[in-house]
Amino acid sequence: MFDGYDSCSEDTSSSSSSEESEEEVAPLPSNLPIIKNNGQVYTYPDGKSGMATCEMCGMVGVRDAFYSKTKRFCSVSCSRSYSSNSKKASILARLQGKPPTKKAKVLQKQPLVAKLAAYAQYQATLQNQAKTKSAVSMEGFSWGNYISSNSFIAAPVTCFKHAPMGTCWGDISENVRVEVPNTDCSLPTKVFWIAGIVKLAGYNALLRYEGFENDSGLDFWCNICGSDIHPVGWCAASGKPLVPPRTIQHKYTNWKAFLVKRLTGAKTLPPDFSQKVSESMQYPFKPCMRVEVVDKRHLCRTRVAVVESVIGGRLRLVYEESEDRTDDFWCHMHSPLIHHIGWSRSIGHRFKRSDITKKQDGHFDTPPHLFAKVKEVDQSGEWFKEGMKLEAIDPLNLSTICVATIRKVRE
């Protein structure tokens with residue numbers, strides 16, 4: 001845990017075997033604050049002034065208690081040792097990380113508390129920095145901000161027939177009205193208002209509250225498949241209040257007449273939209289199912305793997321012989337790289353036999369009928385175009401998905 005730190009408490013003059021058995025003092029981190037004053041160097045490990053480091057033995061202590069006017073040494077003996085013939089040998093020993101002598105350790109007993117306190121504070125600072133970094137990383141990548149700031153066009157969901165809602169996304173388009181929570185409201189209870197889709201980016205939609213006309217000040221991105229997105233009329237059926245945003249509340253005195261006028265002839269989500277979303281997120285593959293999948297280290301053969309998790313139709317497969325469950329492989333459930341148990345033997349494909357002679361408890365073979373492959377791609381309607389943005393598997397790291405750009409489309 002002290003890797004990368006330099007010791008500041010070693011001295012090796014006149015050491016013995018009995019002295020080497022004594023407990024060593026943990027080194028301080030090398031990047032603690034350093035203050036230079038009149039050519040002398042003082043460290044302040046606890047963040048307070050008045051601390052100094054002995055240039056001979058490395059002891060940290062109160063500066064006023066140090067020897068001589070310059071406060072360079074903790075005692076007379078260190079001052080004399082520094083100028084003696086053993087100076088070079090002592091410094092060399094410190095650089096080599098050898099244990100200090102008994103004399104040096106006795107001098108360090110008192111400042112040890114300060115060192116431990118300083119190190120504890122240093123560790124706390126590192127933990128706070130780590131928490132800050134993790135908090136930032138949890139925000140993740142925002143497709144909405146990426147699309148808006150660069151004026152990109154995202155590949156539509158209808159291009160991905162194997163993805164959730166891929167075959168029933170045709171009803172979702174710009175200008176479709178939905179009922180969403182009203183975040184521009186001071187009421188203590190959750191209220192809703194109607195918004196229209198300004199722009200689509202995959203499952204994400206840029207929404208604008210009704211009544212803002214061309215004002216984009218309160219536009220916001222959200223996942224159109226989220227649990228808080230409803231078709232127009234849901235609030236009336238559920239007894240939820242529709243309240244106009246506070247910013248535009250003064251614009252109209254009769255909001256009911258305004259909504260009637262705006263929504264006449266407008267499109268909204270299908271009444272069973274949430275049910276379709278739920279059904280599209282049901283996957284036949286379950287954890288603990290056994291499959292045959294390509295061996296990522298030898299692509300010309302297959303191995304047995306177990307489904308660890310299912311995310312959006314993608315399977316995390318852990319090779320059966322992986323004891324720590326870190327040897328994994330990601331692929332879609334409709335990928336041609338996975339097959340039912342016994343597939344390789346039935347067609348004469350190369351197969352790596354598992355050293356495991358008995359199935360582990362809870363593991364079971366995946367039914368063959370779940371491996372139906374995607375048929376011919378339906379290119380009717382909107383299709384891929386050059387410059388579109390989408391999510392694609394990173395070919396250099398198959399466990400991750402990254403932003404990709406369509407460079408060319410061939411018929």
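Strands are DSSP runs of E with at least two residues, helices are runs of H or I with at least four, and both are numbered from the N terminus. E213 is placed with these labels: its loop runs between β7 (204–209) and β8 (220–223). The model shown in every view is predicted.

**Figure 1. The whole chain has 10 helices and 17 strands.**
The protein chain holds 411 residues, and buried residues make up 37% of them. Its accessible surface comes to about 24600 Å². Carbon and sulfur atoms account for 53% of that surface. Now take the contacts in the chain with a separation of 6 or more. Residues 24 or more positions apart supply 57% of them.

**Figure 2. Strand β5 (residues 177–181) is mostly covered.**
How many of the five residues of β5 are buried? Five of the five are buried. β5 pairs with strand β6 (residues 192–201). The two run antiparallel, and five bridges join them. Two positions show the match: V180 stands opposite W193 in β6, and E179 stands opposite I194 in β6. β5 also pairs with strand β9 (residues 230–231). That pairing is antiparallel too, over two bridges. E179 appears here again, with H230 as its bridge partner in β9. E179 therefore has a partner in β6 and a partner in β9, where pairing means that DSSP finds at least two bridges between the strands.

**Figure 3. Strand β6 leads into β7 through a hairpin.**
Why is β6 described as largely enclosed by the rest of the structure? Seven of its 10 residues are buried, so the rest of the structure largely encloses this strand. Buried here means under 20% relative accessible area. β6 pairs with β7 in the antiparallel sense, over six bridges. A195 illustrates the pairing: its bridge partner in β7 is Y209. Two residues lie between β6 and β7 in the hairpin. G202 sits in the turn, with a positive phi of about 70°.

**Figure 4. Strand β10 (residues 289–295) pairs with β11, β14 and β15.**
Seven of the seven residues of β10 are buried, and the strand is mostly covered. Start with strand β11 (residues 298–311). It pairs with β10 in the antiparallel sense over six bridges. A hairpin joins β10 to β11 through two residues. V293 stands opposite R303 in β11. Next comes strand β14 (residues 338–339). β10 and β14 run antiparallel and are joined by two bridges. V293 takes part here as well: its bridge partner in β14 is I338. Last is strand β15 (residues 364–365). In which sense does β15 pair with β10, parallel or antiparallel? The pairing is parallel, over two bridges. R290 has D365 as its bridge partner in β15.

**Figure 5. Seven residues line the largest cavity: R303, V304, E320, E321, K352, R353 and S354.**
The count comes to two cavities of 30 Å³ or more. The largest cavity contains about 40 Å³ of space. Which classes of residue make up its lining? Five are charged, one is polar and one is nonpolar. R303 links this view to the previous one: this lining residue stands opposite V293 of β10 in the β11 pairing.

**Figure 6. S151 and E213 have positive phi values.**
Neither residue is glycine. Phi of S151 is near 55°. S151 lies in the loop between α6 (143–150) and β5, the mostly covered strand of Figure 2. Is S151 buried or exposed? Its relative accessibility is 60%, so S151 counts as exposed. The cut-off for exposed is over 50%. Phi of E213 is near 50°. The loop of E213 falls between β7 and β8. E213 has a relative accessibility of 37%, so it counts as partly exposed.

**Figure 7. K71 is a buried residue in a loop.**
This loop lies between β4 (60–62) and α2 (76–83). Why does K71 count as buried? Its relative accessibility is 19%, and buried means under 20%. T53 is 18 residues away along the chain. The C-alpha atoms of K71 and T53 are separated by 8.7 Å.

Key. Residues are numbered from 1 along each chain as its sequence is written. This is a predicted model: local features need pLDDT of at least 70, side-chain atom pairs count only at pLDDT 80 or more; totals for chains, interfaces and linings use all residues. Side-chain values use heavy atoms; hydrogens and water are left out. On a 1 Å grid over the protein atoms alone, a cavity is a set of points where a 1.4 Å probe fits but cannot get out, and a pocket is an open set with protein on both sides within 12 Å along at least five of seven lines; lining residues have an atom within 4 Å of a point. Grid points are joined across faces, edges and corners, and a volume is the space filled by probe spheres set on the points. Ala, Val, Leu, Ile, Met, Phe, Trp, Tyr, Cys and Pro count as nonpolar, Asp, Glu, Lys and Arg as charged, and the others, Gly among them, as polar. Buried means under 20% relative accessible area, exposed over 50%, partly exposed in between (1.4 Å probe, protein chains only). Contact means heavy atoms within 4.5 Å. Accessible areas come from the Shrake-Rupley method with a 1.4 Å probe; for residues, only the protein chains shown count as cover.
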